[in-house]
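Let's take a walk through this model, one strand and one helix at a time. Have the structure open and turn it as you read.

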Amino acid sequence: ASIVAEAGATLQAVQKAADGAGLMFGVDLGARGSATIGGNVATNAGGIRVLRYGMYRAQVLGLEAVLADGSVLTSLKGLPKDNSGYDLGQLFIGAEGTLGVVTRAALRLHPKPASEVNAFCAVSSLDAAIALLGLLRQKLGPLLSAYEVNFAPLYDLIVASMAMPAPLPAGSPVYVLAEIQGSEPDRDSERFAEVLMQAVEDGVVDDVVVSQSPREVRALWNVREDANRVLFSIKGLISVDISIPLTRMGAFLREADAAIHTDDPGADIYVFGHLGDGNLHYQVRTVDPAAAYDIVYRGVAAAGGGVSAEHGIGFDKKKWLHLVRSDAEIATMRRLKAALDPRNILNRGRVFDLNPTAFCR
Ligand SMILES: Cc1cc2nc3c(=O)[nH]c(=O)nc-3n(C[C@H](O)[C@H](O)[C@H](O)COP(=O)(O)OP(=O)(O)OC[C@H]3O[C@@H](n4cnc5c(N)ncnc54)[C@H](O)[C@@H]3O)c2cc1C
């Protein structure tokens with residue numbers, strides 16, 4: 001099943017339309033009420049269920065886009081398979097509006113899950129969180145639909161600002177929100193609970209609450225989404241959206257933490273993110289933002305990661321792009337841009353700066 005959405009529709013409008021037809025759209029994220037389909041496609045948005053459904057690229061079955069010269073490329077048949085030449089629509093996904101203006105998108109829809117259960121877990125370390133992820137994947141396979149993480153002291157701040165009672169007391173080093181979506185409500189919940197109990201017995205999880213109703217599912221998600229609310233209220237925070245292989249994440253976090261505190265002993269670091277996708281949102285309040293950016297992005301590059309996991313490069317991160325993309329890759333991006341937008345009229349200056357000679361014709 002698929003839906004054709006106009007670029008200006010909000011993500012939430014698409015979610016509601018899918019729900020009304022007894023189906024589900026696979027992407028969800030905190031900005032659902034304001035983010036548009038055009039913006040989502042242009043940034044290849046990810047969100048909380050990438051683990052199960054993939055990023056935007058995996059949802060797009062076809063696109064309509066307008067090129068800089070006014071030509072309209074329309075491919076909205078919504079075919080799951082179509083290798084009739086280049087898949088031009090893919091060019092515009094994650095291109096941040098630099099190659100064309102997206103006007104419509106044919107989006108993949110999924111069966112609506114009959115069961116949705118989540119659990120909030122306190123664990124003693126990142127290693128324990130990664131071990132729990134491995135266990136849930138191994139025992140539950142595709143039932144696992146989200147795996148989010150929140151490190152101290154961010155969770156402690158969220159709890160301090162909550163009007164509702166916290167699901168678990170503050171004070172643990174790491175909190176995990178895991179979710180399952182399935183088709184057999186009783187059996188799915190039972191399997192989820194069994195694996196979580198096993199994890200408690202094995203000492204992987206220290207404490208856990210499991211949702212008992214759709215209202216509780218939403219309440220646990222609200223705690224996770226409160227991370228953004230709390231962070232937006234802290235002034236002077238720098239925020240990066242990084243991708244790191246799980247095997248190197250622990251070392252990266254230790255080294256970045258030590259280097260930032262050597263530079264500024266008073267710095268505060270707040271980390272949360274989509275651990276199931278190796279994606280962390282890493283925030284620092286520091287008197288030396290330039291040094292913090294440098295430490296984090298060079299650390300990410302050394303760990304084999306990405307300087308933007310899901311938010312894109314825009315203007316702010318373009319000076320770091322060379323750390324994670326080769327000269328040949330950046331040169332190819334420039335050639336694509338020059339070919340499709342020779343007068344550089346679309347979102348000029350985003351992602352990379354252009355060598356002016358690329359446009360001499
Ligand atoms: C609270 C919050 C939580 C978030 N959580 C997540 C998350 O979990 N995962 C995630 O991936 N992102 C997340 N985001 C970022 C979010 O995905 C993006 O902000 C959103 O997708 C951008 O959509 P927009 O309509 O706001 O686009 P804008 O911010 O207006 O634009 C984004 C870029 O896309 C370009 N663009 C916009 N429309 C088009 C179009 N029609 N054609 C071509 N280019 C276009 C713009 O020029 C710009 O370069 C979050 C944001 C907030 C505020």
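Start with strand β3, residues 60-66, which pairs with strand β5, residues 101-108, in the antiparallel sense over six bridges. To get your bearings on that pairing, find V60: its bridge partner in β5 is L107. Keep in mind that this is a predicted model, so everything here is read from predicted coordinates.

Now zoom out from that pair. β3 and β5 sit together in an open sheet of four strands, ordered β1-β5-β3-β4 and paired in the antiparallel sense. At the edges you'll find β1 (2-6) and β4 (72-75); each has a single partner strand, so one side of each is left without a neighbour in the sheet. How much are neighbouring strands turned against each other in this sheet? On average it's 15 degrees, with direction ignored.

While you're looking at strands, one general point helps: in a regular strand the side chains alternate between the two faces of the sheet.

Next, move along the chain to the helices. Helix α6 (residues 126-140) and helix α10 (residues 246-263) have axes that come within 10 Å and cross at roughly 165 degrees. An angle over 145 degrees counts as roughly antiparallel, and that is why α6 is described as roughly antiparallel to α10. The crossing of these two helices is right-handed. Which residues of α6 and α10 meet? From α6 come L126, I130 and L133, and from α10 come L246, M249, G250 and L253. By character, the residues of this contact divide into six nonpolar, one polar and no charged.

The last stop is strand β13, residues 279-285. Is it mostly covered or mostly open? Mostly covered: six of the seven residues in β13 are buried. This strand has pairing to look at with both β11 and β12. With β11 (residues 237-243), β13 pairs in the antiparallel sense over seven bridges, and a handy marker there is V240, whose bridge partner in β13 is Y282. With β12 (residues 268-274), β13 again pairs in the antiparallel sense over seven bridges; here, look for Y270, which stands opposite Q283 in β13.

Finally, follow the chain through the hairpin of β12 and β13, where four residues lie between the strands. Stop at G278 in that hairpin and check the backbone: G278 takes a positive phi near 65 degrees.

Methods: Residues are numbered from 1 along each chain as its sequence is written. This is a predicted model: local features need pLDDT of at least 70, side-chain atom pairs count only at pLDDT 80 or more; totals for chains, interfaces and linings use all residues. Side-chain values use heavy atoms; hydrogens and water are left out. Buried means under 20% relative accessible area, exposed over 50%, partly exposed in between (1.4 Å probe, protein chains only). Two strands pair if DSSP finds at least two bridges between them. Axes are lines fitted to C-alpha atoms, for helices over the stretch in contact, and angles run from 0 to 180 degrees between N-to-C directions. Angles under 35 degrees count as roughly parallel, over 145 as roughly antiparallel, 65 to 115 as roughly perpendicular and the rest as oblique. A crossing is left-handed if the near helix is turned anticlockwise from the far one by less than a right angle, and right-handed if clockwise. Contact means heavy atoms within 4.5 Å. Ala, Val, Leu, Ile, Met, Phe, Trp, Tyr, Cys and Pro count as nonpolar, Asp, Glu, Lys and Arg as charged, and the others, Gly among them, as polar.
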